[in-house]
Amino acid sequence: MAELSGGIDLGGTKIQTAIVDSGGEVKGEARHPTPTEGDPEDVAEAMATALREAAEDAGVEASELQGIGVGSPGDADEKTGVVSSARNLPGWEGSFPLGEKLTEALGAEVKIGNDVQVATEAEFELGAGKEFESLLGVFWGTGVGGGLILGAKPWLGRGAAGEIGHMVVKRGGAKCPCGREGCLEAYAGRKAMEAEARKRHEDGEKTDLFKLMEKHDKPRLTSGIWERALDHEDKLTEELIERAIEALGTGIASAINLIDVEAVILGGGLGIRFGERLMEPLQEEMDKHLFVNERPPAVRVASLGDLGGAIGASLLVGR
Ligand SMILES: [Zn+2]
């Protein structure tokens, strides 16, 4: 059993865990909602519970694992296991020794990495990016995150590379959850899209989005709700999705103009749900802004799906 590792993908809405063997195969998994109230201790406890469940699913104890990796939002320090400023998580404005706390709780060594970067590395090693030497991972979900592989190696810059969600697609544009204006995420992030939908609805625009949200008993406009509304040809939904695609196409093409990678891997909750369906309009939008558009990069939907983040996190073990 020594070859099994654990992976935890800590998201703003859910904690996905997986037990993975040395070939990248998932042997057990579990998912819990991310606590919306409390503090980092509560989040760590929910993470430990979810990981134990995944271990049980795989028929092992957490303490028998070779190690456990965590893909974390915010500023995740790989060396110390400390996570700071994870603002999508409750009470996490400061720093919290997540690695140390989880090592204690689970009885196996826990390593911390950046959530989007580990998901990008998983797609590069085992998923939709396997055949490429260089790629840009774009994770379209609550926010819009990015990861980079250049010359077959992760590129972290000084620790903050890949923040494609905060590339400016419109100067002086919409307010971004980061506090700045005109970022890609201000148009395409699920959270920002929900805020815009709410505002327009309150201003009198008709939409079924919020009715669907209540009907399906969801606390927020999930990617599934957006999809249902799109299926119903809800006008506001169509407009906001189109606006998101325009922003994504602009931001991604601008990034390609700079780094000219072979492929773009589109992941995240919305990316996985809408990737195939909206591939054509996305590529058309990119095409408008690509400086060299005779050979656009391959655009692929992440193939490890919802488990990509957890699988990527498990790759931190033994590094
Ligand atoms: Zn921003």
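**Aromatic pairs and the zinc site**

In this predicted model, both Trp 140 and Phe 274 are buried.

Q: Which parts of the chain does the pair of Trp 140 and Phe 274 tie together, and how many residues apart are they in sequence?
A: Trp 140 belongs to strand E9, which covers residues 135–140, while Phe 274 belongs to helix H9, which covers residues 268–274. The pair therefore ties together a strand and a helix, E9 and H9, whose paired residues are separated in sequence by 134 residues.

Q: The structure holds two aromatic pairs; is the pair of Trp 92 and Phe 96 stacked or edge-to-face?
A: A pair of aromatic rings is described by the distance of the centres and the angle of the planes. For Trp 92 and Phe 96 the ring centres lie 5.4 Å apart, and both residues are buried. Planes over 60 degrees apart count as edge-to-face, and because the planes of Trp 92 and Phe 96 stand at 80°, this pair is edge-to-face.

Q: What is the geometry of the site of the zinc ion?
A: The zinc ion is coordinated at 2.0 to 2.4 Å by ND1 of His 166 and by the SG atoms of Cys 176, Cys 178 and Cys 183. Four donors count as tetrahedral if all angles lie between 85 and 135 degrees. The angles among the four donor atoms of the zinc ion are 103 to 114°, and the site is tetrahedral.

Q: Is Cys 176 buried or exposed, and what is its relative accessible area?
A: His 166, another donor to the zinc ion, is partly exposed, with a relative accessible area of 28%. Buried means under 20% relative accessible area, and Cys 176 is buried, with a value of 4%.

Terms used
Residues are numbered from 1 along each chain as its sequence is written. This is a predicted model: local features need pLDDT of at least 70, side-chain atom pairs count only at pLDDT 80 or more; totals for chains, interfaces and linings use all residues. Side-chain values use heavy atoms; hydrogens and water are left out. Rings of Phe, Tyr and Trp (its six-membered ring) pair if their centres lie within 6.5 Å; planes under 30 degrees apart count as stacked, over 60 as edge-to-face and the rest as tilted. Buried means under 20% relative accessible area, exposed over 50%, partly exposed in between (1.4 Å probe, protein chains only). Helices (H or I, at least four residues) and strands (E, at least two) are DSSP runs, numbered from the N terminus. Donors are N, O and S atoms within 2.8 Å of the metal (3.2 Å for Na, K and Ca); water is not among the atoms, so sites may look incomplete. Four donors count as tetrahedral if all angles lie between 85 and 135 degrees; four count as square planar and six as octahedral if opposite donors are over 155 degrees apart and all others between 65 and 115; anything else is irregular.
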